[in-house]
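Q: Got a minute to go through this one with me? I'd like to talk about the charged pairs and the way the chains meet.

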Amino acid sequence: MNRQALTYARYEVLRTFRNTRFFIFSLVFPVVLYLLIAGPNRHEKVSGIPLPLYFMTGMAAFGTMMAIVSTGGRIAAERQVGWNRQLRLTPLRPSAYFSAKVLCGYGLAAVSILVLYALGIGFGVHLSARAWLTMTGLILVGLVPFAALGIAVGHLVSTDSMGPAMGGITSLLALLGGVWGPIAEHGFLHDLSQAIPSYWLVQAGKVALEGHAWPMKGWVVIGIWSLVLGRVAAWSYRRDTARA
Amino acid sequence: MLETLPPDGIRLHDLTKAFGPVQAVRGIDLAVAPGEIVALLGPNGAGKSTTVDLLLGLAQPDAGEAAIFGRSPRQAIDEGIVGAMLQSGGLLRELSVRELIAMVGSLFPHALPVQEVLDLCGIGELADRRTHKLSGGESQRVRFALAIVSDPDLLVLDEPTVAMDVGARNAFWTAMRAFAARGKTVLFATHYLEEADAWADRIVLMARGRIVADGATTEIKAKVGRRTVRFTLADADLDRLGALPGVAQAEHHGGSVLLTCSDADAALRALVAAEPTAADFEVRGAGLEAAFLELTADEPEVDQPAPTLDAPEVVR
């Protein structure tokens with residue numbers, strides 16, 4: 001990163017954490033859900049995994065996914081007031097702008113993860129240091145396609161329809177990915193959910209239980225989605241700038 | 001040797017741009033010397049904003065090129081030698097005015113100190129206000145601050161006063177003049193003849209994507225500042241009326257006769273003497289729209305609508 005990119009990122013972080021409503025909402029929702037679900041069922045199991053652990057990773061997947069994709073809402077709002085055109089009159093490169101946005105998304109995601117981990121430990125989640133680190137690392141990698149998705153949504157969806165679009169996309173991805181429990185143990189739906197990046201976000205906790213990473217399939221799915229959505233994001237940006 | 005001359009502040013060469021079937025800009029050639037203050041004057045839809053976008057590299061021309069002090073638009077922006085205030089544009093939220101100016105300034109190689117920018121724009125009292133709590137006029141002044149924070153040699157303003165009331169306008173142009181007095185080149189787009197007249201040394205007239213006139217402010221003002229005389233007269237002889245002193249054109253207009261005048265006073269005197277039965281005189285400024293139509297009347301193209309006529313804009 002060059003000097004301009006760092007400066008812009010610094011102000012972007014400042015702005016993100018100053019927007020208290022945005023900040024609170026991206027944190028509160030997964031945390032409250034986790035308390036409601038894991039609190040009364042702390043001795044249950046889902047797919048052979050203690051429920052507090054399963055839902056800790058489920059909510060971490062959901063919360064971080066929302067935090068990263070919501071970057072799109074901020075891009076759309078800035079686009080609407082013409083800030084993107086203003087930035088094109090400065091030496092700042094688009095890549096630096098998007099890096100700052102993604103960095104902030106990851107910052108929010110990190111806060112969300114830490115809060116959920118703390119609650120999970122409170123509900124009796126026990127993991128080795130290695131398992132904690134593996135899980136966290138996999139979540140961070142698994143968020144890459146969602147960062148691209150956020151940038152694409154920010155260029156393709158107007159601020160008017162951002163709310164329903166964002167809510168719909170994240171809810172659907174969460175449901176199919178098994179955030180609320182496995183969608184199916186086998187058959188078509190099971191195969192479908194395995195082809196969706198949010199599934200592997202949720203699986204980050206499951207595989208981390210033994211300190212393993214994803215199987216090859218997980219890496220391939222995340223890799224392909226990252227490439228495809230990265231292309232879509234780049235295309236949506238170019239389309240938007242050409243229209244000027 | 002030509003090469004040793006300092007480059008023009010702005011040089012546009014055969015600039016052309018179409019959006020689908022609409023030819024927004026049709027081959028513009030323009031050179032602006034360093035230190036000049038130039039108004040790009042024209043009605044809505046004349047191609048002013050597209051020209052500004054092409055000059056700044058915000059849009060890519062279909063043909064031709066734009067240069068700023070001999071550099072490409074992108075290079076000029078990177079070096080901080082061009083600053084611009086676009087027609088529409090909001091400010092980044094969740095920052096104070098001071099922070100926003102400091103942030104944008106820090107992106108440039110040789111920015112002005114924030115306090116100096118605040119003073120120049122007369123917005124010192126807004127410095128600690130959050131950007132989303134500013135009024136429309138206040139935001140415009142902050143946007144002006146963002147345009148000059150890089151200490152540019154060329155300042156480009158696209159209809160900067162559109163959302164301002166009279167008081168804010170005067171404050172704005174005074175700030176612009178103060179900055180220009182540092183030896184800056186300024187190009188501003190406007191559709192107000194009076195603004196161009198008051199603040200520019202030179203006016204470039206645009207209509208239908210072309211430059212239709214270019215000259216010193218007084219010269220252009222005489223050209224477009226025409227007036228019309230309207231009256232009723234039975235069996236009017238248009239040829240005879242058209243030949244009266246000060247009359248450029250005579251035509252029937254509904255039940256009355258309309259004279260477009262280069263000198264309305266002389267025309268009226270001659271008219272009253274020559275046609276004692278003429279009555280119901282009405283003298284009015286022809287307005288910018290009419291002047292543009294006249295200047296572009298010899299254009300054969302009819303492939304796009306003329307500037308809006310049904311609701312003529314009042315020239316303020």
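A: Sure, we can start with the contact between the chains and then move to the salt bridges; keep in mind that this is a predicted model.

Q: Okay, how many residues does each chain put into the contact?
A: Chain B contributes 28 residues and chain A contributes 24 residues.

Q: And how much area do chain B and chain A bury between them?
A: About 2,500 Å², with 57% of it on carbon and sulfur atoms. On the chain B side, B:L58, B:E94 and B:L107 lose the most area to chain A, and together they account for 28% of what that side buries.

Q: Why quote an area at all?
A: Because the accessible area lost when parts come together is often used to give the size of an interface.

Q: Fair. What about polar contacts across the interface of chain B and chain A?
A: There are 13 residue pairs in polar contact there, counting pairs with both residues at pLDDT 80 or more.

Q: Which elements of chain B give two or more residues to the side that touches chain A?
A: Those are α1, α2 (73-78) and α3 (97-106) of chain B. The largest share comes from α3(B), with six residues.

Q: And by class, what's on that side of chain B?
A: It has 16 nonpolar residues, seven charged ones and five polar ones.

Q: Let's do salt bridges. How many over all chains?
A: The structure holds 23 over all chains, and the count between chain B and chain A is five.

Q: Show me one that crosses between chains. Where do its two ends sit?
A: Take A:R85 and B:D53, whose side chains meet in a salt bridge at 3.1 Å, N to O. A:R85 is in helix α5 (residues 83-87) of chain A, while B:D53 is in helix α1 (residues 48-56) of chain B.

Q: Is A:R85 buried or exposed? And B:D53, buried or exposed?
A: A:R85 counts as buried because its relative accessibility is 17%. B:D53 counts as buried too, at 11% relative accessibility.

Q: Got another pair with one end in each chain?
A: Yes, A:R18 and B:E99: their side chains meet in a salt bridge at 2.8 Å, N to O.

Q: Which residues are linked in a network?
A: A:E12, A:R15, A:R74, A:E78, A:K101 and B:E94 are linked in a network of salt bridges. B:E94 also came up earlier, as one of the residues of chain B that lose the most area to chain A.

Q: Now inside chain B. What does B:D214 pair with?
A: B:D214 forms a salt bridge with B:R202, and their closest N and O atoms are 2.8 Å apart. This pair links distant parts of the chain, twelve residues apart: B:D214 is in strand β9 (residues 210-216) and B:R202 is in strand β8 (residues 202-207).

Q: How accessible are the two ends?
A: B:R202 is buried, with a relative accessible area of 13%, whereas B:D214 is partly exposed at 36%.

Q: And what does B:D8 pair with?
A: B:D8 forms a salt bridge with B:R11, with the closest N and O atoms 2.6 Å apart. B:D8 is partly exposed at 21%, and B:R11 is partly exposed at 46%.

Q: Last topic: what domains is chain B divided into?
A: Domain 1 covers 6-222 and domain 2 covers 226-285. Their C-alpha centres lie 41 Å apart.

Key: Residues are numbered from 1 along each chain as its sequence is written. Chains are lettered from A and ligands numbered from 1 in the order in which they are written. This is a predicted model: local features need pLDDT of at least 70, side-chain atom pairs count only at pLDDT 80 or more; totals for chains, interfaces and linings use all residues. Side-chain values use heavy atoms; hydrogens and water are left out. A salt bridge is a side-chain nitrogen of Lys or Arg within 4 Å of a carboxyl oxygen of Asp or Glu. Helices (H or I, at least four residues) and strands (E, at least two) are DSSP runs, numbered from the N terminus. Buried means under 20% relative accessible area, exposed over 50%, partly exposed in between (1.4 Å probe, protein chains only). Domain bounds come from an automatic or database domain assignment. Contact means heavy atoms within 4.5 Å. Buried area is the accessible area (1.4 Å probe) that two parts lose on being put together, summed over both. A polar contact is a pair of N or O atoms within 3.5 Å; within protein, one must be able to donate a hydrogen and the other to accept it, and residues adjacent in sequence count only if both atoms are side-chain atoms. Ala, Val, Leu, Ile, Met, Phe, Trp, Tyr, Cys and Pro count as nonpolar, Asp, Glu, Lys and Arg as charged, and the others, Gly among them, as polar.
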